[in-house]
Amino acid sequence: MTKKVRSRSKTVLVVSTLLTLTLSACGGSGDAGQGDQTLTVMHKWPEGDHAAFFEKVVDEFEKTNPGVSVEMQAIQDDPYKERLRVLTASDDLPDVYFAWPGGYGEQYFNAGFAADLTSELEGEWEGSLLPAAVEAYTVEGKNYAVPVSMSGKYMIYNSAMFEEHGVQVPTTYEELLTACDTFEAAGLTPITMGNNAMWPGVHYLTTLIAKHVPQDVMRADFEPATATFDHPGYIRAFEDLNELAQRCFTAGANGISNDSAKAEIQTGVAPMYYGESNIFSIFREANGATPEVAANWNFFAFPDIEGAEGDAESLTGAPDGFLVNEKSDNKDLAIEFLKFFTSQENGARLLEMRDRPSAVVGSAEGVADVLPQLDEALTHLQGVETFNIWLDTATNPEVGAAFLAGGQAAIDGSQTAEQILDSIRAASDSLK
């Protein structure tokens, strides 16, 4: 997504509010007595292959930097935000920490909890990273994080089930709905969906709003000072999400977990699932996919919507990136760690060990056993000019929360599109 201008006073207020929370300790910066210098790092990938990757990177970094010890803390995705809130409240953020791009990460930068990395990135380092990934972590021309990996949202489908039911890959939104009707008539749930964590619904909304609303209008609306949310595309987007829920999604999706939904595409129960490229590894037999599914799956970009006024070529997705604590005593070491993390070797290692596209240019070269679908997605991601960052992190947290609730309301039909938009507008207006 292109650069966004945000209100410093409001974002400072947001983080200041976090400071009222109960205090709790984390690693903190400075020498912990395990070596000449200790670097603390926090991220949100504690699982299997992800943990092994981080352990490998840390091990190699410590070997090349005698006297340096890296303390790594990994917390699962859903509780990560709460952990970050608590550490911000106690002013005890680690030296290096993950944060989502957009308004979520920008609030830490604007409030002085993240270092300005512009001069550090400028030149060879920035040139080694995908431009769209760098841009996603830029505000008012300043880089506040280093992107490490990329993720794009695609409709994943079971090609054998498509062939069995005579369904072609949809190229328009109407064709997608028709495909849903065909699977529904055959007694199948067309698109497996679990929204009890709320973010899956917001991912659909991110896509639908980007299809219906021009980028410059969205950017103005994501800033409370200029927001009006009066473009008719917002109403269309909420109506489309409700239509998808009625004709395509798993019944009662708001009460179902995303993991349960993923299991249904992984095991051939459902023919479609809207997922990120960073979960493509679940389609390996070694990771739980049935042999039939492992041999018969592919993906397509969310189809175009006739008459929509947004950017049809944009893609919902975002890089993952790390911030450096502005108050860290180990700032130089933190930057050296991130340079090491985004080396060509570690970019390739990230793809090889985690099945995730790296933000490092050319990192796939020479990597064996890349899933062909992931290789295709990587090529597509490298050509994307505009990413639509998830609405719950692209906007101010209060507005993001309204979008999360709005996604649920659109899916279960408990509110009209106009009522949902009124709630979002009210959340934004409260920040003016």
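Which element gives the largest share of the lining of the second largest cavity? That's α10, with four residues. A quick heads-up: this is a predicted model, where local features need pLDDT of at least 70, side-chain atom pairs count only at pLDDT 80 or more, and totals for chains, interfaces and linings use all residues. Residues are numbered from 1 along each chain as its sequence is written, and side-chain values use heavy atoms, with hydrogens and water left out.

**Domains**
- The chain splits into domain 1 (37-150 + 319-375) and domain 2 (152-315 + 389-430), with bounds from an automatic or database domain assignment.
- Between the C-alpha centres of domain 1 and domain 2 there are 27 Å.
- Where the two touch, domain 1 brings 18 residues and domain 2 brings 18 residues (contact means heavy atoms within 4.5 Å).

**A β-α-β unit**
- Strand β1 (residues 37-43) runs parallel to strand β2 (residues 68-74), and seven bridges join them; strands pair if DSSP finds at least two bridges between them.
- Helices (H or I, at least four residues) and strands (E, at least two) are DSSP runs, numbered from the N terminus.
- Met-42 has Gln-73 in β2 as its bridge partner.
- Add helix α2 (residues 48-64) to β1 and β2 and you get a right-handed β-α-β unit: with the strands pointing away from the viewer, the path from the first strand over the helix to the second runs clockwise.

**The second largest cavity**
- On a 1 Å grid over the protein atoms alone, a cavity is a set of points where a 1.4 Å probe fits but cannot get out, a pocket is an open set with protein on both sides within 12 Å along at least five of seven lines, and lining residues have an atom within 4 Å of a point.
- The whole structure has two cavities of 30 Å³ or more, and the second largest holds about 60 Å³ of space.
- Its lining includes Lys-153, Trp-199, His-203 and Tyr-273.
- The elements giving two or more residues to this lining are α10 and β8 (272-276).
- By class, the lining has six nonpolar, three polar and one charged (Ala, Val, Leu, Ile, Met, Phe, Trp, Tyr, Cys and Pro count as nonpolar, Asp, Glu, Lys and Arg as charged, and the others, Gly among them, as polar).

**The second largest pocket**
- This pocket has about 350 Å³ of space; grid points are joined across faces, edges and corners, and a volume is the space filled by probe spheres set on the points.
- It is lined by 23 residues, and the closest to its centre are Lys-211, Ala-301, Ala-312, Glu-313 and Ser-314.
- α10 gives the most to the pocket lining, three residues.
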